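Me: Please take a close look at a single part of this model, the sheet, and explain in one connected account how its strands are arranged and what surrounds them.

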Amino acid sequence: MSKRPYKAVAFDVFGTLIEIKNSQSPYKKMMKWLKQQGRKPQPNDAAMIISLDGNFETIASYFGYQLPAPLLAEMNNDLQNDLKHMHAFEDSIPTLIELKNLGYKLAICSNAATPYGERAQSILPLLDAYAWSFKVGTYKPDSMIYQYFLNQLQCHPNEVLFIGDTQIADVDGPQNLGMSAQIIDRKSGEKLANVLRAFI
């Protein structure tokens with residue numbers, strides 16, 4: 001890799017740096033139960049879940065419900081299964097280490113529920129900035145979440161390259177703020193080096 005004008009690289013996490021094979025999706029199970037209780041689903045339900053820093057009980061109470069013990073136990077079991085099967089893609093950690101050794105600042109910017117974000121952060125090496133939706137209190141593509149890690153990095157948007165697997169959250173959002181951004185297609189086997197080659 002040879003140096004370009006960028007000072008920092010920011011990454012989405014799930015589907016970009018980390019994968020969860022055969023996810024049990026406990027939060028979807030909770031939302032299905034809430035619907036069965038007569039609660040009408042709202043367009044921003046998923047966004048609210050990833051913006052609240054708390055466990056299943058905290059989130060359910062936010063929506064005005066108390067989860068029955070059997071469902072809570074099932075969801076916690078599903079969650080532990082997901083966390084157990086969470087792994088970094090083979091090239092993720094070596095690439096992050098290489099970028100740090102080259103002098104780049106590195107950031108995470110991810111829409112994630114609390115336990116998923118905390119587990120992911122424990123898997124990845126220590127980076128320079130973190131913008132988790134459950135910590136910032138908002139989610140991509142809200143400009144506030146990008147600005148959160150830009151402030152930590154002390155970088156201008158045009159000094160940062162953003163890489164992720166979702167067009168709206170990981171390309172459109174960062175570009176609207178002035179960053180460069182690029183999609184990575186992990187489903188087709190694309191590697192981080194292939195994406196970085198054109199920029200770094």
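**The parallel sheet and its surroundings**

Reply: Strands S4 and S5 pair in the parallel sense, and four bridges join them. Within this pair, Ile108 stands opposite Tyr130 in S5. The model is a predicted one, and what follows should be read with that in mind.

The pairing of S4 with S5 belongs to an open sheet of five strands, whose order is S5-S4-S1-S6-S7 and whose pairing is parallel. At the edges stand S5, residues 129-132, and S7, residues 180-183; each of them has a single partner strand, so one side of each is left without a neighbour in the sheet. On average, and with direction ignored, neighbouring strands of the sheet are turned by 20° against each other.

Moving from S4 in the other direction, one comes to S1, which pairs with S4 in the parallel sense over four bridges; here Ala10 is the residue that stands opposite Ala107 in S4. Strand S1, which comprises residues 8-11, is in turn paired with S6, again in the parallel sense and over four bridges, and the bridge partner of Val9 in S6 is Leu161. Strand S6, residues 160-164, then pairs with S7 in the parallel sense through four bridges, with Ala181 in S7 as the bridge partner of Phe162. Helix H9, residues 167-177, packs on the sheet and touches both S6 and S7, its direction making about 165° with that of S7.

How far are these strands covered? Strand S4 is mostly covered, since five of its six residues are buried. In S6, five of the five residues are buried, so this strand is largely enclosed by the rest of the structure. Both faces of S6 are covered, with Val160, Phe162 and Gly164 buried on one side and Leu161 and Ile163 buried on the other.

Ser110 gives a closer view of S4, the strand of residues 105-110 in which it has its place. With a relative accessibility of 0%, Ser110 counts as buried. When residues up to four places away in sequence are not counted, Ser110 touches Asp12, Val13 and Phe14, as well as Ala131, Trp132, Ser133, Lys140 and Ile145.

Several residues of these strands also take part in the nonpolar packing. The largest nonpolar core has 48 residues, and those with the most contacts inside it are Val9, Phe11, Met30, Leu67, Ile108, Ile163 and Ile200. Apart from it lies another core, of 18 residues, among them Ala10, Cys109, Cys155 and Val171. For Val9, the residues touched, not counting those up to four places away in sequence, are Leu99, Tyr104, Lys105, Leu106, Ala107, Leu161, Ile163, Leu196 and Ile200.

Ile163 also leads to Val195, which has its place in helix H10, residues 192-196. Val195 is in contact with Ile163, Gln182, Ile183, Ile184 and Glu190, its neighbours within four places in sequence being left aside. At 3% relative accessibility, Val195 counts as buried. As a point of reference across the chain, Val195 lies 172 residues from Ser23 in sequence, and the two are 26 Å apart in space, taken from C-alpha to C-alpha.

Met30, named above among the core residues with the most contacts, brings the helices into the account. Helix H1, residues 26-36, and H4 have axes that come within 9 Å and cross at roughly 155°; H1 and H4 are therefore roughly antiparallel to each other. Their meeting involves Pro26, Lys29, Met30 and Trp33 in H1, which face Leu71, Glu74, Met75, Asp78, Leu79 and Asp82 in H4 as their contact partners.

Helix H4, residues 69-84, also packs with helix H6, residues 114-123, at an angle of about 25° and with the axes 10 Å apart. Because angles under 35 degrees count as roughly parallel, H4 and H6 are therefore roughly parallel to each other, and their crossing is right-handed. Leu79, Asp82 and Leu83 of H4 make this contact together with Pro115, Tyr116 and Arg119 of H6. Leu79 and Asp82 thus appear in the contact with H1 and in the contact with H6.

Definitions and conventions
Residues are numbered from 1 along each chain as its sequence is written. This is a predicted model: local features need pLDDT of at least 70, side-chain atom pairs count only at pLDDT 80 or more; totals for chains, interfaces and linings use all residues. Side-chain values use heavy atoms; hydrogens and water are left out. A nonpolar core is a set of buried Ala, Val, Leu, Ile, Met, Phe, Trp, Tyr and Cys residues joined through side-chain atoms within 4.5 Å. Buried means under 20% relative accessible area, exposed over 50%, partly exposed in between (1.4 Å probe, protein chains only). Contact means heavy atoms within 4.5 Å. Two strands pair if DSSP finds at least two bridges between them. Helices (H or I, at least four residues) and strands (E, at least two) are DSSP runs, numbered from the N terminus. Axes are lines fitted to C-alpha atoms, for helices over the stretch in contact, and angles run from 0 to 180 degrees between N-to-C directions. Angles under 35 degrees count as roughly parallel, over 145 as roughly antiparallel, 65 to 115 as roughly perpendicular and the rest as oblique. A crossing is left-handed if the near helix is turned anticlockwise from the far one by less than a right angle, and right-handed if clockwise.
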